[in-house]
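Visitor: Could you take me through one part of this model in close detail, please? I would like to look at a single sheet and then see the chain around it.

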Amino acid sequence: MALGEKSISSPLSAIKNLFKKPVTVRYPNEELEVYSEKGVSERFRGVHSNDMAKCIGCGSCERICPVNAIVMTLPEGSEDTRKQYRPKIDYGRCCFCAFCVDVCPTVSLKMSKEYDFTSAAPMKLRDGEEVKFVMDEFNYLPTDKYDDNPGYVTGKKKKVLG
Amino acid sequence: MQIINYADEERRQEDNRKLWDKVTAYFRSRSLWMLHYCTGCGAMELPPIMTSRWDIERFGIVPMATPRQADILLLTGYASTNTMKRIIRTYEQMPEPKWVIAFGSCTVNGGMYWDSYNTVNNVGEYIPIDITIAGCMPRPEAILDTMVKLMNMVKSGDAKAFQKYKDNYGYYKANQDKLFARTAPVLESASLKYVHNETEGSEQ
Amino acid sequence: MNFDSYTLTKIAKNDKYTTYDLFFGPNHPGMNGNFGYVLDMVGTEINNVRINAGQLHRGFEKLMERRGWVQNLTLVPRICVMDPDPNEVTYCMAVEKIMNVEIPERAKYLRTITLEMSRLTSLLISIGGAGASLGLYTIMHWTMADRDKVLDMFEWLTGGRVYHIYNIPGGVRRDTPKGFLEKLYETMEYLESRLPDYDSLLFENPIIHKRLKGLGPVTKEEARKTGLSGPNLRASGNALDIRKDAPYAAYSELEFDIITQEEGDAFARALQMRLEYEQAIDLIKQAIKKMPEGDVHANLGNLGMLKVNPGEAYAKVESSKGEFGYYIVSKGEKKPYRVSVRGPSLPAGFLWATKHLPKMKIDDVAVWMGTFGICAPDFDK
Amino acid sequence: MNITELLKDLNSRGLEAEKICDGEIKVIANKDNFITHLHYLQSINYEHLANINGVDYIDENEFEVVYQIYSYTDKIHIIFKVRIPREKPVIQSIVDLWEQAQFYEREVHEFYGIHFEGNKDLSPLFLEDWMDLPPLRKDFDTERFSEIVMGSMRNGGKK
């Protein structure tokens, strides 16, 4: 139709949209339904999860991390040998690139579908204590807590890095 | 699902507010207006939540153009030194009560720009933050979750970081001065600087 | 009826206080991104313009000298938030040029698909933004909702919604998940079916025609000489496209024509975006149909410890906003010696702002920016 | 003009021209007369100036100013390089040839401290109140700067 020649009833064409499925995802009550499962995609890069038994403490993830977010630390109560060190991830640095997952030789480090990671410091903290509080909360030692909800996982065969 | 429980026991003080305050807080929590200011790259996830897909207006949150009418300041990602100056100015212009959401890892410990010469590492050192959300960048769902949490915090009267800015202004001011009011070069290597005679005037 | 005698400009000119400074951005609803102009105004007319940039400066080029070759891939997409994939591809192409590596066929097609999908997301923001800056928020709601459909596909393929970090020197990181290409094809058909709605709302709207026609014209020669690239260059009648001139990825195997407009004004630029959007959908469909089987990554040894032989290269990619160029100098170390980024927005955002904005009305600035596709982070870096 | 003819032509004009790969050559010019060469290149349809950037060769005590030039007709990209001494980094401006060079030169001036003679406005574009060394120079330590001013800390581990 040429410019300015529209029918006077053309605003009524909006009525057809009443019968379409709404685009809006009413999030807390309803989840995204695009992929095979509800929620985020199967390759989603969320919060890390680490199989503590499989991890050999090699430190590949620490070396590849582009933003110095991963530090190999000794979990409490384990003896001080090289193999006992586990990656601790600073979510105040992490950029969720999943290079650490790609590089992991034993496929122990994975990314889960969890994305909600918030922190609010108590009101009574002041003079920079609240900043430290949030930083400490964001320093997180991944365990197998989210192993049942895996997101980005690289199998041994598909490796590009490492 | 949430990993860190924001409402830890210490936060839950005795609720001795008057009934009127409780009623105001309830209605306030249902009409939070956020300032439409894209400070960093995290702002890219704001259009989706503001428009029809995620539709944040369901929670009574509306983007607002001027700081004078806004309740929430969103720090979307890294803040460069220049932006931090403008953020502080904006924050001081906002009327109370006001709340700040920092989102993206860059606002907590520098994020991927931790060693950059022009980005602030901890936004919380310059203005008080109510709630922080990790992610680079956070998903719209995560932002919506945070908004719901903030609404609950406003309702229960827990979110009062803006009072800290008044009570503890000395601390924030000292940090701001350290960043902006520099009078001399920071590194010794600055003595190597070559200044062209003709440009000396125009550079200042 | 003649309103001229009542305009603010007239009143201001009669007044003592003729000029004032208006900070258009960084915090301004018409400004896309954290960037600003300081406008010297007489009433509603702009007298002069100063550029207020640097709010997004992070020192990328310095940081890239401090990180390894592969580690830099996390930094590069952040240079343009709206259109991240051209950055990754350009960086990888420059590294591959120095290393003299040929990537597998399937990786080339996957790169093409990610590049075109990224173009879709970026153009949807630009088209929606051009409408929204004229007060037509409906188109913004539509395009952003449709953009999320593309982002869903991106999330499925790469794991990230906005920053994908999918390309890597030597190819791409992962093969497609099962059923991805079919679903992507469906999504493209859906996006195509939305086009008549966009047209009737935005491009056939008489108000848009009146507002945009004749705004901010750029002639054919000026566009070539001042460094404009991409849709802005083609909207002025230059049939130039890096995808044709120096084909990369799988563009040499796909069929497409260079779209041009003659007028070179804001409407031509907006229409150019709309037509390139349609072209990108077509290119993705072609690439899906022609997608070969095989490896997605050439073996370059341990990429984490990658060392690139000494040399230098300039690689460029046609992004949704124009030419993204990476100039990389390698000294044979684990880190690049120098990475210099050429963002497409600088000629429009800086040079054409000083040419066009004076004598323009304040109400046209936002839509002028929108049609030029100015993206602040790529010149702030 | 194809790439071999161009190389021959440029070499006969006293420039060191070398092919890098298909459709891309690099040219090293002298700081005293590089403008005449750029003039010549512009006259033979090398009309697109994509970027101007600096490189700090600190070991050789030299800066390099690199002009990225492209011809839409020949489809050849030229990396046009000019070396200048680090102690007195002054080079002529090319604003008369390309208008957008004004902003690229301003950027290089800000990040390297290279002075462009003939560019009227070299005021800082991105950094406010910057007093240290221009940040992209190799002897500027960004991590140390960030540690002092913003209080950034390395998270342990070697890099």
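Guide: Happy to! One definition helps before we begin: two residues count as in contact if their C-beta atoms, placed from the backbone, lie within 7 Å. Angles between elements run from 0 to 180 degrees between N-to-C directions, with axes fitted to C-alpha atoms. Please keep in mind that this is a predicted model.

With that in hand, look at helix α3 of chain C, residues 85-99, which lies across β6 and β7 of chain C. Its direction makes an angle of about 145 degrees with that of β6(C).

The two strands under discussion belong to an open sheet of 3 strands in chain C, ordered β6-β7-β8, with antiparallel pairing. The edges are taken by β6 (311-318) and β8 (338-342) of chain C; each has a single partner strand, so one side of each is left without a neighbour in the sheet. On average, and ignoring direction, neighbouring strands here are turned by 10 degrees against each other. As a general reminder, strands of a sheet pair through backbone hydrogen bonds, either parallel or antiparallel.

Now zoom in on one of the pairings. Strand β7 of chain C covers residues 323-330 and pairs with β8(C) in the antiparallel sense over 5 bridges. If you want a concrete spot to find on screen, go to C:Y327: its bridge partner in β8(C) is C:S340.

Stepping back, the sheet sits within a chain that has 14 helices and 8 strands. The radius of gyration of chain C is 22 Å, close to the 21 Å that the globule rule gives for 381 residues, so chain C is as compact as a globular protein of that length. Along the principal axes, the C-alpha atoms of chain C fill a box of roughly 75 × 45 × 35 Å.

Two further values may appeal to a computational chemist. Of the 381 residues in chain C, 62% count as buried. Looking at the contacts in chain C with a separation of 6 or more, 72% are accounted for by residues 24 or more positions apart.

So, for your own tour of chain C, begin at helix α3, follow it across β6 and β7, and then move along the sheet order to β8 at the edge.

Technical notes:
Residues numbered from 1 in each chain as written. Chains lettered and ligands numbered in written order. Predicted model: local features only at pLDDT ≥ 70, side-chain atom pairs only at ≥ 80, totals over all residues. Pairing = 2+ DSSP bridges. Helix = DSSP H or I, 4+ residues; strand = E, 2+ residues; numbered from the N terminus. Rg over C-alpha atoms; globule rule 2.2 N^0.38 Å. Buried ≥ 20, exposed ≤ 12 C-beta atoms within 10 Å, placed from the backbone.
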